[in-house]
Amino acid sequence: MIDQILYASIALIALTNPLAELPFFFAATDGFSRAELRRAAVKVAFGVLIVLSVSAVAGARILGLFDVSFAAFRTAGGLVIILAALEMLRGAGFGITGVRRAPGETEDHLWVPLVMPLIAGPASITAVITLALDEPGVLIGVPVATLIAVVVASVGVLAVLLAASILSNALSRRAVRIFERFSGLILLAIGCQMVLGGIREFFMRAPQ
């Protein structure tokens, strides 16, 4: 089980890739105090833990219940990212409503799209489901090794975001704004790639 935990942990850390999502965390928490940044980091890490844990235990059943394919799930995630990217490019903040929330309000934008589909995205969710299904010796239907790997990956996300909260306070507001616009362009490309990849996967697996 140790080898499986190590393998799954490395795979999930690579797929969640919190370092790559730092620009979007900065954009989502623009104007937050240091204490609010720490709370936001904890919320994001907790959200990743919940999403991946549920995926490990019941992800395949949930998608199957609604007859949703992984390709469709990937495409939908890409569309959410595209909407968020367009808001970032026009300077409306990190969200799909165009309204920047005050730091003291409920940070729904930390969950969508930062937690899902950016950090806990289709790739990491698919990997968790696959690892859980392939795990030998599942205990009472619970993929223990996969869940431990999910915890390790979530702790990694927390560590990176807590370090980012210190860096964010060291940057000027203008630097954060410039970073946000540039990140929006990158995010738009990521979303388009996810949508095109999902569409291609859907038609490749469609019965001829």
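This is a stop-by-stop tour of a predicted model, with a selection to make at each stop.

**Before you start**

Residues are numbered from 1 along each chain as its sequence is written, and side-chain values use heavy atoms, with hydrogens and water left out. Because this is a predicted model, local features need pLDDT of at least 70 and side-chain atom pairs count only at pLDDT 80 or more, while totals for chains, interfaces and linings use all residues.

**Stop 1: the whole chain**

Show the chain as a cartoon. There are eight helices and zero strands. The pattern along the sequence is α-α-α-α-α-α-α-α. Helices here are DSSP runs (H or I, at least four residues), strands are E runs of at least two, and both are numbered from the N terminus. Of the 208 residues, 45% count as buried. Buried means under 20% relative accessible area, exposed means over 50%, and partly exposed lies in between (1.4 Å probe, protein chains only). Take contacts between residues at least 6 apart in sequence: 82% of them join residues at least 24 apart. A contact means heavy atoms within 4.5 Å.

**Stop 2: confidence**

Colour by pLDDT, the predictor's confidence in each residue, from 0 to 100. The chain mean is 80, and 81% of residues reach 70 or more. Among the elements, helix α3 (residues 34–65) has the highest mean, 90, and α8 has the lowest, 79. Now select residues 94–106. Here pLDDT stays under 50. The model has 34 contacts beyond four places in sequence for this stretch. Where pLDDT is low, the predicted coordinates should not be read in detail.

**Stop 3: the largest pocket**

Which residues lie nearest the centre of the largest pocket? Select L15, E21, L118, I190 and M194. The full lining has 25 residues. Elements giving two or more residues to it are α1 (2–16), α2 (22–28), α4 (70–89), α5 (108–119), α6 (122–134) and α8 (173–205). Helix α8 gives the largest share, eight residues. By class, the lining has 16 nonpolar, seven polar and two charged residues. Nonpolar covers Ala, Val, Leu, Ile, Met, Phe, Trp, Tyr, Cys and Pro; charged covers Asp, Glu, Lys and Arg; the others, Gly among them, are polar.

The volume is about 460 Å³. A pocket is an open set of points on a 1 Å grid over the protein atoms alone, where a 1.4 Å probe fits, with protein on both sides within 12 Å along at least five of seven lines; lining residues have an atom within 4 Å of a point. Points are joined across faces, edges and corners, and the volume is the space filled by probe spheres set on them.

**Stop 4: P122 and L79**

Go to P122 in helix α6. P122 is buried because its relative accessible area is 5%. Beyond its neighbours within four places in sequence, P122 contacts F73, R74, P117 and M194. Measure from P122 to A76: the C-alpha atoms are 9.5 Å apart, across 46 residues of chain.

Next, select L79 in helix α4. L79 has 45% relative accessibility, so it counts as partly exposed. The C-alpha atoms of L79 and C192 are 7.6 Å apart, although 113 residues separate the two in sequence.

**Stop 5: backbone geometry**

Most residues other than glycine have a negative phi, and most peptide bonds are trans. Select M116 and P117. A cis peptide bond joins them, with omega about 20°. P117 is in helix α5.

Then visit N17, in the loop between α1 and α2. N17 is not a glycine, yet its phi is positive, about 45°. Is N17 buried or partly exposed? N17 is partly exposed, because its relative accessible area is 33%.

D67 is in the loop between α3 and α4. D67 also has a positive phi, about 55°, and is not a glycine. At 70% relative accessibility, D67 counts as exposed.

**Stop 6: two serines**

Select S53 in helix α3. The S53 side chain reaches the backbone oxygen of L49 at 2.6 Å. This is a polar contact: a pair of N or O atoms within 3.5 Å, one able to donate a hydrogen and the other to accept it within protein, with residues adjacent in sequence counted only if both atoms are side-chain atoms. Past its neighbours within four places in sequence, S53 contacts L147 and V150.

Finish at S9 in helix α1. S9 is buried, because its relative accessibility is 7%. Residues up to four places away aside, S9 touches A149 and V152.
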